[in-house]
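Trainee: I am new to this structure and would love a close look at one part of it. Could you walk me through a ligand site and then show me what lies around it?

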Amino acid sequence: MTNKTKQKLIVTTVKTTCCYCGVGCGITAKVNSDTGEVIVIGDDDHPANFGRLCSKGSSLAETLELSSRLLVPQVYGKPVDWATALETVANKFNQLIDQYGPDAIAFYGSGQLLTEDYYVANKLMKGFIGSANIDTNSRLCMSSTVAGHKRTFGSDTVPACYDDYEQAELIILIGSNTAWCHPVSFQRIKAAKENNPRLKVVVIDPRKTPTCDIADLHIPVKIGTDVALFNGLLSYLYQENALDQEFIQQHTQGFEETIMAAQNDALNVATVAQKCQVAPHILETFYRWYKETDKTLSLYSQGVNQSSSGTDKVSAILHCHLATGRIGKPGCGPLSLTGQPNAMGGREVGGLAHQLAAHMDFYAEDIERVKRFWQSDNIADKPGHTATELFDAVADGKIKAIWIMATNPVVSMPNADKVKQALEQCEFVVVSDCVAHTDTLDLAHIKLPAAPWSEKDGTVTNSERRISRQRALLPLAGDAKPDWWIIAQVAQKMGFTDGFNYQSNVEIFREHARLSGFENNNKQRLRDFDISLLADISEDDYNNLQPTQWPITAKRPQGTARLFDQGKFFTPTEKANFTPIQFKPPANLPNQQWPLILNTGRLRDQWHTMTRTALAPRLNQHKPEPFVEITSADALDYGLNQGELAQIESAWGKMLVRVVITETLPQGVIFVPMHWTAQFSSQGRMGALVNPVIDPISKQPESKHTPVKIKAYDAQWHGFIISRHPLVLDGIDYTVLVKGNGYFHYEVASSKNIRNWQYHLANQLSPYTKELNWQTYQDDKKLLFRTACFSAKELQAVLIISPHSRLPERGWIGSLFDPLRTEPLKDDERMALLTGKPPLGTPDVGNIICACFNVGEKTILSAIKDGKLTTPQAVGKSCKAGTNCGSCVPEIKELLISHLTVTGS
Ligand SMILES: Nc1nc2c(c(=O)[nH]1)N[C@H]1C(S)=C(S)[C@@H](COP(=O)(O)OP(=O)(O)OC[C@H]3O[C@@H](n4cnc5c(=O)[nH]c(N)nc54)[C@H](O)[C@@H]3O)O[C@H]1N2
Ligand SMILES: Nc1nc2c(c(=O)[nH]1)N[C@H]1C(S)=C(S)[C@@H](COP(=O)(O)OP(=O)(O)OC[C@H]3O[C@@H](n4cnc5c(=O)[nH]c(N)nc54)[C@H](O)[C@@H]3O)O[C@H]1N2
Ligand code: SF4
Ligand SMILES: [Mo]
């Protein structure tokens with residue numbers, strides 16, 4: 001046999017779906033079943049991405065490591081077999097239910113569960129335990145959209161689809177940093193714009209984000225004022241006679257009251273401009289474009305949802321589409337960009353505490369129907385606690401046991417210190433996760449190892465209602481099990497044997513599909529979610545299921561691209577509802593004590609609480625540290641300097657982060673990324689500060705608006721350590737861990753003096769290597785200390801301490817730890833470690849801008865300078881940056897501009 005045929009036998013190709021954002025990109029994975037090696041590329045045939053992947057998706061293979069995984073069940077800190085773990089959970093749940101009733105138990109799930117997992121969790125809690133105390137992180141994510149959709153359409157329906165990107169002539173991105181958070185959709189819109197010069201893009205965001213790169217107009221609204229903006233638009237269209245009166249008459253109800261309320265709220269551009277703090281001519285331009293363009297698509301995300309007026313913001317956006325009849329037609333409509341890979345699947349199975357299953361509610365007839373379908377006599381008869389209420393009930397001791405699956409609430413919930421305390425005090429905390437340590441898992445009494453992406457298998461639904469398969473690439477590692485299996489086993493051990501006797505995921509999917517069509521024929525209350533055509537799907541067909549948009553029924557066997565094409569909605573009258581709404585400012589306004597507003601959100605290369613993305617060194621180099629963005633005027637007022645540290649405090653908690661001065665924000669607002677946790681930083685967990693105010697209808701927290709104060713942090717010293725081995729750094733005020741290629745990089749700073757660093761380091765490194773030798777430079781007067789330690793000739797760690805934050809470049813020191821490097825350090829490199837300056841001619845790449853090709857800021861800048869480059873295309877040609885996923889092109893443009901500004905050319 002030749003080498004070539006040998007290779008062929010062991011490499012298999014598996015088509016699956018990305019586990020990150022709601023774009024839901026198809027992936028083609030090549031798996032070497034002998035070595036477990038995986039290569040990931042975009043699936044050319046998948047209609048969500050047609051072969052494209054962003055930096056996160058394309059580095060998925062780099063996250064498939066076992067050393068960080070939770071691989072064995074643990075009960076009170078002891079590794080046990082599955083039978084013991086499952087029985088412990090089931091017995092304790094039963095005991096607590098006997099003692100206190102079913103509402104003493106709660107589940108907290110996530111849009112990162114597969115539909116099959118989610119279905120079983122919801123069925124167990126609502127159908128058999130008999131409580132609706134199951135909510136999910138979707139409460140923090142999409143619940144305002146769910147509430148807005150239901151109030152307006154009678155159903156939680158996303159009417160439009162991605163094909164509309166190419167057909168639209170006006171795309172409005174509201175509270176969405178699409179360039180970083182839905183990068184493949186962003187690239188698709190960018191390409192559509194290049195192909196169709198008529199297509200205009202408007203970005204509505206208080207920050208000037210990288211998404212503004214393709215904006216014809218940026219509207220920097222004041223946080224929380226979108227209702228005024230869209231009420232203003234409705235009034236304007238009305239006054240300009242630009243409404244579709246026929247559509248309003250035939251297909252909607254409640255218009256009169258709504259237009260009155262809108263006029264009251266936002267009669268003219270001047271009023272709106274004042275409320276939104278936007279220049280009137282910017283608003284006028286937007287309103288005019290909206291009036292003139294039939295094919296209008298509104299894409300929106302967390303700047304809309306995460307607000308105490310989130311539901312009203314959604315309604316205000318939908319109203320403008322209904323009033324102009326721009327819905328259910330190609331190239332127009334509202335389309336909420338969902339965050340998580342299965343945010344939509346969670347909504348389908350009723351993962352939120354106020355829903356039942358298959359888009360049913362807690363109406364008597366729904367309860368009765370689901371009860372019959374599940375053949376259970378113990379179904380919940382009322383909604384349960386929503387996320388913030390649920391953790392409050394844990395804190396109050398009303399909930400005695402909680403099972404958290406696929407989410408990290410100690411980081412992501414508002415008032416997260418309270419959530420942490422609640423879990424510390426809770427009698428019984430069960431957590432299912434894939435990694436061994438998270439801020440939440442570390443508080444669990446029972447730890448259950450769940451199968452991650454690459455090992456689990458089932459379905460997910462993306463933003464455009466498209467159901468795709470996630471397929472396992474690798475066998476289950478250690479004792480890890482799929483979430484549906486874990487939940488079904490606990491159910492059976494609790495005594496619910498009949499309803500949970502699933503042998504495989506396809507059985508669950510069939511049941512879910514069957515329920516979607518079950519008695520779905522009441523003309524008064526038809527349900528939009530219907531995939532009944534798949535109710536008897538064979539195992540083979542399930543395994544080969546092609547990405548399809550629901551509804552999927554006998555009438556629509558190929559799925560459905562757009563809904564509401566007939567102007568019929570899922571209300572008893574089949575008419576969509578207008579609801580009179582009025583702008584309300586955020587609940588907690590800044591004041592003398594808390595003068596600034598904290599806005600929070602995402603970075604390009606990290607996913608939420610970093611449990612997966614932080615494993616890929618190249619994803620950590622874009623923004624290695626937690627930081628706060630602040631305007632230069634505010635920085636001056638509060639005595640902050642670029643690159644130094646600042647303490648931010650709210651009425652709820654504190655954090656310590658690096659200062660980044662920028663003019664992309666309005667004055668009075670600061671921005672902090674949501675990603676850092678106690679696993680990666682000593683004081684970077686932003687959830688601790690975030691106010692727990694919620695939208696009264698959707699109960700979604702106002703995560704984008706918390707009053708805070710900020711002050712400079714007075715460090716005695718700053719420094720960093722780059723080490724071949726992980727270290728434990730206790731007692732230092734500021735520590736941040738950045739995983740690099742072959743090394744662990746720690747940023748450190750403290751207000752307390754630390755003596756004898758060498759001794760501490762030697763202690764930490766002793767488990768890994770003996771007989772260290774050191775080279776040290778010390779200047780006690782200048783408080784400078786640099787040391788490098790070696791074992792034989794191999795570099796083990798470098799420590800640099802200084803009284804100020806201007807420290808040597810980390811990039812070139814990190815590169816000395818490259819695992820592929822075999823030769824010992826050269827003399828000039830050793831010397832460089834002492835002087836803190838790289839040897840002459842050493843390329844220092846700077847922060848990574850292009851994660852796909854690992855190209856740093858400094859490399860790009862020198863390419864621009866040396867080649868006199870003026871376009872991103874020329875930069876791409878010169879150093880490849882920006883030529884794969886394209887997510888970094890906005891930053892390359894910024895570098896081009898900054899170079900032009902500096903050189904004045
Ligand atoms: N790289 C990356 N991508 C992700 C994720 C990730 O963790 N990392 N997470 C995924 C998930 S779960 C989600 S939900 C999505 C979120 O995707 P996005 O919603 O796009 O992301 P965010 O950064 O949370 O917030 C978007 C913007 O809302 C703006 N904003 C704040 N307040 C207001 C306001 O009052 N009005 C308006 N109009 N805008 C406002 C913020 O300034 C911010 O730029 O991203 C998904 N994609
Ligand atoms: N201030 C502020 N707070 C926010 C936001 C914000 O913008 N600002 N955004 C909110 C939003 S939109 C969201 S979606 C949340 C996200 O916040 P979280 O859901 O808390 O964050 P993740 O890091 O995604 O947590 C997922 C956990 O599940 C694990 N996991 C991954 N896959 C699986 C699996 O298949 N099974 C199991 N059992 N575990 C798995 C991961 O290791 C990780 O520990 O944060 C919310 N919180
Ligand atoms: S855009 Fe990126 S993160 Fe989102 S699904 Fe596609 S590859 Fe994954
Ligand atoms: Mo989300």
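**Around ligand 2, and onward**

Mentor: Happy to. Ligand 2 is surrounded by 31 residues, and those that come nearest are Gln 112, Ser 412, Asp 433, Lys 456 and Thr 609. Please keep in mind from the start that this is a predicted model.

Let us begin with the polar atoms. The side chain of Ser 412 has an N or O atom that sits 2.6 Å from an oxygen atom of ligand 2. Lys 456 also uses its side chain, with an N or O atom 2.7 Å from an oxygen atom of the ligand. Ala 406 takes part through its backbone: a polar atom there is 3.3 Å from an oxygen atom of ligand 2. How much of ligand 2 does the protein cover? On its own, ligand 2 has 920 Å² of accessible area, and the protein covers 97% of that. Sorted by class, the shell around ligand 2 holds 15 polar, 11 nonpolar and five charged residues.

Now look at the elements in this stretch of the chain. Ser 412 brings us to helix 19, which spans 409–412. Helix 19 is among the elements that cover the buried residues of helix 20, and so are helix 18 (387–395), strand 14 (401–405) and strand 15 (428–433). Which residues of helix 20 are buried? In this helix, residues 416–425, they are Ala 416, Val 419, Ala 422 and Leu 423. Because these residues cover an arc of only 110 degrees around the axis, they lie on the same side of helix 20.

One of them, Leu 423, leads to a useful neighbour. Leaving aside residues within four places in sequence, Thr 440 is in contact with Leu 423, as well as with Ile 404, Asn 408, Pro 409, Val 410 and Val 431. Thr 440 itself belongs to the loop between strand 15 and strand 16 (446–449). Is Thr 440 buried or exposed? Its relative accessible area is 0%, so Thr 440 is buried.

A little further along the chain there is a loop between strand 17 (458–461) and strand 18 (466–470), and Arg 465 is found in it. Arg 465 is not a glycine, yet its phi is positive, near 65 degrees. With a relative accessibility of 0%, Arg 465 counts as buried. Ala 792 makes a good companion to look at, as another residue other than glycine with a positive phi, here near 50 degrees. Its loop is the one between strand 31 (784–791) and strand 32 (794–802). Ala 792 is exposed, however, at a relative accessible area of 59%.

One more backbone detail is worth finding in the viewer. Trp 550 and Pro 551 are joined by a cis peptide bond, with omega about 0 degrees. You will find Pro 551 in the loop between strand 19 (548–549) and strand 20 (576–577).

For a second site, turn to ligand 1. Its surroundings comprise 35 residues, of which Asp 205, Gly 224, Arg 602, Leu 603 and Gln 606 are the closest. Here, several polar atoms of the backbone are worth tracing. Gly 224 has a polar backbone atom 2.6 Å from an oxygen atom of ligand 1. Gln 606 places a backbone N or O atom 2.7 Å from a nitrogen atom of the ligand, and for Ile 204 a backbone N or O atom lies 3.0 Å from a nitrogen atom of ligand 1. Taken alone, ligand 1 exposes 910 Å², and the protein buries 99% of that. Its shell divides into 16 polar, 11 nonpolar and eight charged residues. At least two residues of this shell come from each of helix 7 (178–181), helix 14 (302–305) and strand 21 (596–601).

Finally, visit helix 8, residues 183–195, where Arg 188 lies. Arg 188 is buried, with a relative accessible area of 8%. What does Arg 188 touch, not counting residues up to four places away in sequence? The list is Pro 47, Ala 48, Phe 50, Tyr 162, Asp 163, Tyr 165 and Glu 166. With Asp 163 there is a polar contact of 3.1 Å between the two side chains. Ala 48 is 140 residues from Arg 188 along the chain, and their C-alpha atoms are separated by 9.6 Å.

Technical notes
Residues numbered from 1 in each chain as written. Chains lettered and ligands numbered in written order. Predicted model: local features only at pLDDT ≥ 70, side-chain atom pairs only at ≥ 80, totals over all residues. Heavy atoms only, no water. Near = heavy atom within 4 Å. Polar contact = N/O pair within 3.5 Å; in protein donor to acceptor, adjacent residues only side chain to side chain. Areas by Shrake-Rupley, 256 points an atom, 1.4 Å probe, with all protein chains shown as cover. Helix = DSSP H or I, 4+ residues; strand = E, 2+ residues; numbered from the N terminus. Nonpolar A, V, L, I, M, F, W, Y, C, P; charged D, E, K, R; others polar. Buried < 20%, exposed > 50% of the residue type's maximum accessible area, 1.4 Å probe, protein only. Arc of directions from axis to C-beta. Contact = heavy atoms within 4.5 Å.
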